[in-house]
2 protein chains.
Amino acid sequence: MSHEIGAPQKRLIRALKGEVLDQAPIWLMRQAGRYLPEYKKTRAQAGSFLNLCYTPELAEEVTLQPIRRYGFDASILFSDILVIPDGLGQKVSFVEGEGPVLEPITRVEELAKLDLTRVVPHLAPVYETVRRLRKSLPAETTLIGFAGAPWTVATYMVGGKGSPDQGATKAWAYRAPDEFQKLIDLLVEATILHLGAQVKAGAEVLQIFDTWAGSLPELPFRRFALEPMKRIVAALKAQFPDISIIGFPRGAGSMAVDYFRETGINGLSLDTGVAPAWARRELQSLGCVQGNLDPLLLVAGGPEMRRGIEHILRELGQGPFIFNLGHGIVPQTPPDHVAELVDIVRGWRG
Amino acid sequence: MSHEIGAPQKRLIRALKGEVLDQAPIWLMRQAGRYLPEYKKTRAQAGSFLNLCYTPELAEEVTLQPIRRYGFDASILFSDILVIPDGLGQKVSFVEGEGPVLEPITRVEELAKLDLTRVVPHLAPVYETVRRLRKSLPAETTLIGFAGAPWTVATYMVGGKGSPDQGATKAWAYRAPDEFQKLIDLLVEATILHLGAQVKAGAEVLQIFDTWAGSLPELPFRRFALEPMKRIVAALKAQFPDISIIGFPRGAGSMAVDYFRETGINGLSLDTGVAPAWARRELQSLGCVQGNLDPLLLVAGGPEMRRGIEHILRELGQGPFIFNLGHGIVPQTPPDHVAELVDIVRGWRG
């Protein structure tokens, strides 16, 4: 286990265990990224994006860059949710300015092309990055490992790329749900293996991103988002009883309540559109919440950004809470605004 | 007023006034559209998309096509939310396969280019279409007029096209909220004029589409989505006390509760991601709800579609309710699936 007996727990982990801290821990989704000039330099050295993910010294370097600048309470491994399909043997590439491109899998017969036993060996460089980070990170910084949730990863595997309405994936899931379930089941297993290997290498907290969960109606949401998450959390907690897991069912609206209550996660990450007072009443009563400044308020800066930050701190700062964005940081974010955000959160007395 | 004293009210209007009907009224967002071969024929005759909107005999024809096929309880005027910027004098065009393109307005000085007095005269052909429809529609069919909500229309006016994150519009709204408010105020006035003219021409119910409301955090949601809607509803109800108005704040999650409670609307249209049981408890207790089958379930058809329809009817069919989709019908929808949907809803006994 990553938590040594007797050592004081790190602030982010204490919040996830339900403790109310004087000062909210803070980290940002995609905190290692294109808004930082030093990231762009390392990215250029790497050649392809996947090469950056799979070269431990480079992935370690970009993970550390925002910690050096801002001293966040947590460091999230630099990687991508599509390393799982890549690990399973589906061809994945990243086209500059266009996002990911995969050879789509749209029929149950094609699942035979995917090999679960290949995931952990293929992703060995990712775990090596985690091991390095545990040594190089400051003692107070929590290391977060992550994966995409089965539904979200499936939308890329089936659609072959990002899509606004997940039409291709829903076409399969709705026409042949029991066949599509086999892809979800495979992804549940792959996610457990991939996250388990990250914990063994030193990840202290895990976050599972279900970016496209919000487009599902209630019944498919339960079947393809909530239930798979429950199985992943149960399997990981059976192996690593002390691990804390954060779920991010983006856009789930009121369904986030059942998701938090039933999946066994320790923390729920709130998207930009969740009203903080509602989250306090309906979600923070169930455990730690994390969020949810609009990344575009961080781009704008100024009085509206400050108002947005203070609104969140006022509503959520009295319970177990981690400050974060409501979605990933965007490339046009001025690095100075991030510094101001950290100062406001660290200076807040509710 | 459109409702003659003494005449029995139409079923859709009764539901909007809070009545629980034996059988839910049904219509579908974008029911006149590319999934119908007869639409494609008329569309080809029209030349440009805006020409279709502005030629009363053609707009009337495409509005009637789904009524002839399916006998929906309501007919929504065929038009577009971008006729308001076009009416205000902003250049709007529709590029095949790419969607709308506008010359973006990004600074307060550019608002001088827009002319509120031009809206109603420029949109005269739209009101002519409404007048024709009131004569040609079956006696039992409710005629719905519509407009886009100020925030959603602004995202196109400022961004110059649809955008996944409304980045350009948020940049303005967050950096200079009081200047951006002037655009919203102008759109509030334009929307009141445009919807008022539709009511005078014979529209019996109005729906206001806030397709991008869900991307706003709580404070900007209140300022730029909820408050403008409140003003629009108040102005229209002052002029037309009997008019029923449906709001569609897509993706608003829990904020839909305040939106329904505070804006004075009669009905709330639910997007695909709203859980029906939650909507029954939190929203239907405030008035009529409408929704919310995933348009992609209608594409898929079969047992999953039927399960989805029955789930909605079971949860929402006991209160004031209108059956609809959770978003617009998509072009790849088989027309037979629409017929099956109508049969199931009409045959449902809860």
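Author: In what follows, helices (H or I, at least four residues) and strands (E, at least two) are DSSP runs, numbered from the N terminus. In that numbering B:Asn292, for instance, is found in strand 8 of chain B, residues 288-293. The model is predicted, so local features need pLDDT of at least 70 and side-chain atom pairs count only at pLDDT 80 or more, whereas totals for chains, interfaces and linings use all residues. Residues are numbered from 1 along each chain as its sequence is written, and chains are lettered from A and ligands numbered from 1 in the order in which they are written.

Reader: How many helices and strands does chain A have, and what is its radius of gyration?

Author: Chain A has 16 helices and 9 strands. The radius of gyration, taken over C-alpha atoms, can be compared with the globule rule, 2.2 Å times the number of residues to the power 0.38. For the 350 residues of chain A that rule gives 20 Å, and the value is 19 Å, so the chain is as compact as a globular protein of that length. Its C-alpha trace spans about 55 × 45 × 45 Å along the principal axes.

Reader: Which percentage of the residues in chain A is buried?

Author: A residue is buried if 20 or more other C-beta atoms, placed from the backbone, lie within 10 Å of its own, exposed if 12 or fewer, and partly exposed in between. Buried residues make up 54% of the 350 in chain A. Contacts, for which two C-beta atoms placed from the backbone must lie within 7 Å, add a second view: among those in chain A with a separation of 6 or more, 75% come from residues 24 or more positions apart.

Reader: By what turn and shift can chain A be laid on chain B?

Author: Two copies of a chain are related by a rotation about an axis and a shift along it. Here the superposition is by least squares on the C-alpha atoms of residues with pLDDT of at least 70 in both copies. A turn of 180° with a shift of 0.0 Å along the axis lays chain A on chain B with an RMSD of 0.0 Å. That is the relation of a two-fold axis. The same surface serves both copies, since 100% of the contact residues of chain A recur in chain B. Of the residues of chain A, A:Gly253 comes closest to the rotation axis, with its C-alpha at 2.3 Å.

Reader: How many residues of chain A are in contact with chain B, and which helices each supply at least two of them?

Author: In chain A 34 residues are in contact with 34 residues of chain B. On that side of chain A, helix 9 (167-175), helix 11 (218-239), helix 13 (276-284), helix 14 (295-300) and helix 15 (302-316) each supply at least two residues. By class the side has 16 nonpolar, 11 polar and 7 charged residues, where Ala, Val, Leu, Ile, Met, Phe, Trp, Tyr, Cys and Pro count as nonpolar, Asp, Glu, Lys and Arg as charged, and the others, Gly among them, as polar.

Reader: Where does helix 4 of chain A bend, and what do its buried residues pack against?

Author: A bend at a residue is the angle between axes fitted to the seven residues ending there and the seven starting there. Helix 4 of chain A bends by about 25° at A:Leu64, with a proline, A:Pro66, following within four residues. The helix, residues 56-70, reaches 22 Å between its end C-alpha atoms, close to the 21 Å expected for its 15 residues, the expected span being 1.5 Å times one less than the number of residues. Both A:Leu64 and A:Pro66 are among its buried residues, which pack against helix 2 (37-46), helix 3 (49-54), strand 1 (74-76) and helix 7 (124-136) of chain A. After the helix comes A:Gly71, whose phi is positive, near 60°. In chain B, helix 4 likewise bends by about 25°, at B:Leu64, and B:Pro66 follows within four residues.

Reader: Which residues does a cis peptide bond join in chain A, and is A:Gln166 buried or exposed?

Author: The cis bond joins A:Gly291 and A:Asn292, with omega about -20°, and A:Asn292 lies in strand 8 of chain A. In chain B a cis peptide bond joins B:Gly291 and B:Asn292, with omega about -25°. As for A:Gln166, it has 21 other C-beta atoms within 10 Å and is therefore buried; its phi is positive, near 50°, although it is a residue other than glycine, and its place is the loop between helix 8 (150-159) and helix 9 of chain A. A:Arg30, also not a glycine, has a positive phi of about 60°, lies in the loop between helix 1 (11-16) and helix 2 of chain A, and is partly exposed because 18 other C-beta atoms lie within 10 Å.
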